[in-house]
Each structure stands twice: as C-alpha cells, then as structure tokens.
Amino acid sequence: MRVAHVLLTAALTTALGSGPALAAPAEAGPARFPAEVNGGAWPSGHVQGMALDRKKGFMYFSFTNLLVKTDLKGNPVGSVTGFTGHLGDLDFNEKDGRVYGSLEYKDAKAFYIAIFDVDRITSLDMNAEGSDVVTAVYLKDVVDDYAADMNGDGVFDGNVANTPDHRYGCSGIDGVAFGPEFGRRGGQQKLTVAYGVYANTTRTDNDHQVLLQYDIRDWRAYERPLTQSQPHTAGPDQAAGKYFVRTGNTTYGVQNLEYDKRSGTWLMAVYKGVKPQFPNYSLFVVDGSARPVEGPIEGQPKPERGLLLPLLDQGLRHDETGIRGWESGGQYGLVSLDDGRFYLAKDGKIADGGVTKQTGVAQLHRWTGQTPTPFERIQ
C-alpha cells in the first residue's frame, strides 16, 4: 500500500503541477565526471560555449576565434584556429559524433553552423580552412532577418544596435543545442539555433527570443569547406520551425542554449537586458512539454503572428509582465549531464609574459531550482 500511495502522490503532483520540474540529481549512482575541467589560457576572445563527448571523454571550448579540445583532466588534445568570424555556443551531436557551433560573419552578412569533425582534431593550431576539420552550412533565415530593411530607406545599416533595421532586432546567432521538436519529449532530434538580439530600448519588436529548429538529416548535401574570404551560401531554404519566447529584450540574445533530457526543458542563458519595464533575468527556461501555440508576436511594426513557446512556471516571477526566470551563470558555457547536474563555464583572463590570455573552466553544478540562483557548485 505504501508503494501505491507514493505512485499516486507522484501522479497527482505531475497532473496538478505547472510543467516539468527541473530536478536535483538522482541519489543513486550518477556517472562520475570531474568537478572541474580546465580549458586552458589562450590569446583569443573570451570563452563562448562548451560541448562534452561523454563516451570518449573530451570537452570542447569555444574561445571566440578558436576551438580547443581537452580531455577530462584538462590536458589540451588539439585546437582549431584561424577563424576571422565569431565562433559562439557549441553542442555535441550524439548521432554523428561531431561538434556543431554558431559562426558569424556580420560584415559579410553570412551566418553558419560550423561542424567540426572532432576525431580529426589531434594537434594544436590546426587551421580552420586547410585541415579538413571544419565544414559550414549557411542559414538563410538568419541572414534575411539580420539584413532586413525595416524602415524601407533602402540602406542596410550594418552591425549596429541603434537602428530600426534587423527584423526582431536580430544581431545574428549564438545559442545552439540538440533536442526534440518543441512540445515533444522524444522523436527525431533537431538542431535548435537561437538568435542574437541587439539591446535597444527605443523599439518594441525585440522583446522575444527567436529559436529556429532544423532537421539536419540531409545537411551533408549543404556542407562546404570554410572559405572565409568568399563565404558560400549553401544551406537549407528555411528552418523546419520558427518559434518565439517573450522574455523582454536581452543583450545579444541567447548566449548559451541547452536541452535537459531529464526535465524536457530548454535553458537559455543570456546577458541581461536593459529595458526597465522587464525583469531582465539572466536565465530563462522554456517548458519543452508545451506545444507551440500560434498567436500575436507582440510589439511588431505591423501585426504579425507566429508560434509562441511558454516559459517554465518556476523561478522568480515579475508581477508586471508575468515573465519568469532566474539570476544565474551559464552565459559563457552550459552543458547538461541530464541527471540534474550541469557544467557551467567560468571565464577569466591572465597576463602571461605581457600577453593577455583568456581562460575558461567548466565547473560542475547541481540544479536546485532555488531563487534567485538555481545552481549549486559541486566541489
């Protein structure tokens, strides 16, 4: 009877709850991962994202213009250099064993998913253009929104925030993650790509996070070697789905996106926004169990409808807008172990022989769900 009571209580809790709960780690024997993985120090841009190959035991760090591969003791195994664009968030594709990352060339109006054949990364300073390690797929949807002439003056204003151009305030892309179609817990895995969004307090059409989902099963046909002086345009005509999450304007959108299999939720770590009418949290979580609902995309210059996703009904709540979220890290790197534990990147810099080098360290945390900060460091 005791077992039946526990099962009934759990079922009622699920039925009466307001969405999937991001849970603390299970007590029974979680897989062993180190409390910290050091990504090293590099004369580069700051750490942007991380990816983990659990089976082979490698961690990958993006440092804006290079990718670093380490083992789980923090020993460098290899690196890919020579990027002239912005390499952002990363994720590991368990289906094909490759790392996918966002790659921007804003001046050229070219946005890609960079795909790394990581088994080939075996030494330091491998060149992104000449080593057969990197291919790229062009994202036309992103280019169209980034280059949109919203005020109709016939002039593309370029990589600036203080303009009415750039549809939805699109500044390019950053967050990337693999997971199921929104509203599902299983099925075909898709690649979700999050827009960067300019911080601009003078417009009302930039208050959503924009998420694109791609079915990448036919992407081999689009993959091309990286040619940075002559960017190619091989890629899908459009994403399989385009979705909107109202969070209030943020500074450069979703920096790190991660799907958590255990809870079926999508975590979006951002740099805080600056509009005073919004709560400007640094972490938002999408309720992945909720089916997208068609509705008005608020604040657009002309009435527009799209597929809307709800935030998880947990965490801090802003009374004026109903927006929920947390104050959290994860903007520099976020990896779910799918058991209530997460790696969060800590960024830093050091002086080495008169040269400033950027550092990135993956630090293990457990999810507590507490407010305002939901992660607790595991030492």
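**Reading a predicted model, feature by feature**

Q: Where should I put Tyr168: buried or exposed?

A: Tyr168 is buried, as its relative accessible area is just 5%. Buried means under 20% relative accessible area, exposed over 50% and partly exposed in between, using a 1.4 Å probe and protein chains only. Tyr168 sits in the loop between α2 (140-146) and β11 (170-180). Helices (H or I, at least four residues) and strands (E, at least two) are DSSP runs, numbered from the N terminus. Before going on: this is a predicted model, where local features need pLDDT of at least 70 and side-chain atom pairs count only at pLDDT 80 or more, while totals for chains, interfaces and linings use all residues. Residues are numbered from 1 along each chain as its sequence is written, and side-chain values use heavy atoms, with hydrogens and water left out.

Q: What is the pLDDT average of the chain?

A: Here's the general idea: where pLDDT is low, the predicted coordinates should not be read in detail. The score is the predictor's confidence in each residue, from 0 to 100. This chain averages 93, with 92% of the residues scoring at least 70. Over residues 1-19, though, the pLDDT is below 50, and this stretch makes 5 contacts in the model beyond near neighbours in sequence. Contact here means heavy atoms within 4.5 Å.

Q: Which residues have a positive phi although they are not glycine?

A: Most residues other than glycine have a negative phi, and most peptide bonds are trans. Tyr168 goes against the habit with a positive phi of about 60 degrees. Asp125 has a positive phi too, about 65 degrees. Asp125 lies in the loop between β8 (110-116) and β9 (126-127), and at 58% relative accessibility Asp125 counts as exposed.

Q: Which residues does a cis peptide bond join?

A: Look at Thr371 and Pro372, where omega is about 5 degrees. Pro372 is in the loop between β25 and β26.

Q: And Pro374: buried or exposed?

A: Pro374 counts as buried because its relative accessibility is 0%. Pro374 belongs to the loop between β25 (355-367) and β26 (375-377). Leaving aside neighbours within four places in sequence, Pro374 is in contact with several residues, including Leu283, Trp326, Glu327 and Arg366. C-alpha to C-alpha, Pro374 and Gly130 are 43 Å apart in space, and 244 residues separate them in sequence.

Q: How do I read the empty space, and how much of it lies in the largest pocket?

A: Rolling a probe the size of a water molecule over the atoms shows where empty space is left. On a 1 Å grid over the protein atoms alone, a cavity is a set of points where a 1.4 Å probe fits but cannot get out; a pocket is an open set with protein on both sides within 12 Å along at least five of seven lines, and lining residues have an atom within 4 Å of a point. Points are joined across faces, edges and corners, and volume is the space filled by probe spheres set on them. The largest pocket holds about 480 Å³. Of its 20 lining residues, Arg54, Phe92, Asn93, Glu94 and Lys261 are the closest to its centre. Strand β6 gives the largest share of that lining, 3 residues.

Q: Where does Asn93 lie?

A: In strand β6. Asn93 counts as buried, since its relative accessibility is 7%.

Q: How many cavities of 30 Å³ or more are found?

A: The search of the whole structure finds 1. The largest cavity has about 40 Å³ of space, and its lining includes Tyr105, Tyr112 and His232.
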